[in-house]
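Colleague: Please walk me through this structure by question and answer.

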Amino acid sequence: MAKYVMIKHYRGAPAGVNDVPMDQWSKSDVADHMQYMEDFADRLRDSGEFVDSLALSSEGTFVRYDGEGRAPLTDSAALDAKDLVAGWMIIDVASRERAEELAAELSAEPGKDGKPIHEWLELRPVLG
């Protein structure tokens with residue numbers, strides 16, 4: 001078994017087919033999207049392939065150490081020019097082919113007007 005992370009991006013990846021930002025979806029579209037994600041995770045829990053998942057807010061700040069006794073440095077403006085991670089799901093599967101199959105299935109989640117997003121997901125093996 002090998003672990004992979006399927007990373008969802010707010011931006012930075014190629015545009016999906018139904019590339020409408022979530023803040024422009026109806027409440028029903030958002031609920032359907034979230035239900036699809038939960039149902040997908042439940043199926044992977046049942047098959048033993050689910051490890052973890054997390055959705056993230058679009059807000060964030062870069063933080064770095066600035067030396068002994070100094071307050072951390074922060075830069076929220078830097079996020080505007082950077083790729084933002086929307087969330088991830090970690091899976092534990094028998095092969096890379098299975099990881100790609102699951103990433104493709106997850107990419108079909110519904111978006112605006114219930115149409116599949118066909119978003120690009122970043123698939124990366126977990127080290128260790």
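The turns below cover a pocket and a helix pair.

Modeller: This is a predicted model, in which local features need pLDDT of at least 70 and side-chain atom pairs pLDDT 80 or more, while totals for chains, interfaces and linings use all residues. Residues are numbered from 1 along each chain as its sequence is written, and side-chain values use heavy atoms, without hydrogens and water.

Colleague: Which element gives the most to the lining of the largest pocket?

Modeller: The largest pocket (an open set of points on a 1 Å grid over the protein atoms alone, fitting a 1.4 Å probe, with protein on both sides within 12 Å along at least five of seven lines) is lined by 34 residues, each with an atom within 4 Å of a point. Strands E1 (2–11), E2 (50–55) and E5 (84–93) and helix H1 (27–47) each give two or more; helices and strands are DSSP runs of at least four (H or I) and two (E) residues, numbered from the N terminus. With 5 residues, the most comes from H1.

Colleague: Which residues lie nearest the centre of the largest pocket?

Modeller: The lining has 34 residues in total. Nearest the centre are Lys8, His9, Tyr10, Ala86 and Glu119.

Colleague: Are H1 and H2 roughly parallel or antiparallel?

Modeller: H1 and H2 (96–106) pack at about 155°, with axes 11 Å apart; axes are lines fitted to C-alpha atoms over the stretch in contact, with angles from 0 to 180 degrees between N-to-C directions. Because angles over 145 degrees count as such, H1 and H2 are roughly antiparallel.

Colleague: Which residues of H2 make the contact with H1?

Modeller: Contact means heavy atoms within 4.5 Å. H1 brings Tyr36, Met37, Phe40, Arg43 and Leu44. From H2 come Arg98, Leu102, Glu105 and Leu106.

How values were computed
Angles under 35 degrees count as roughly parallel, over 145 as roughly antiparallel, 65 to 115 as roughly perpendicular and the rest as oblique.
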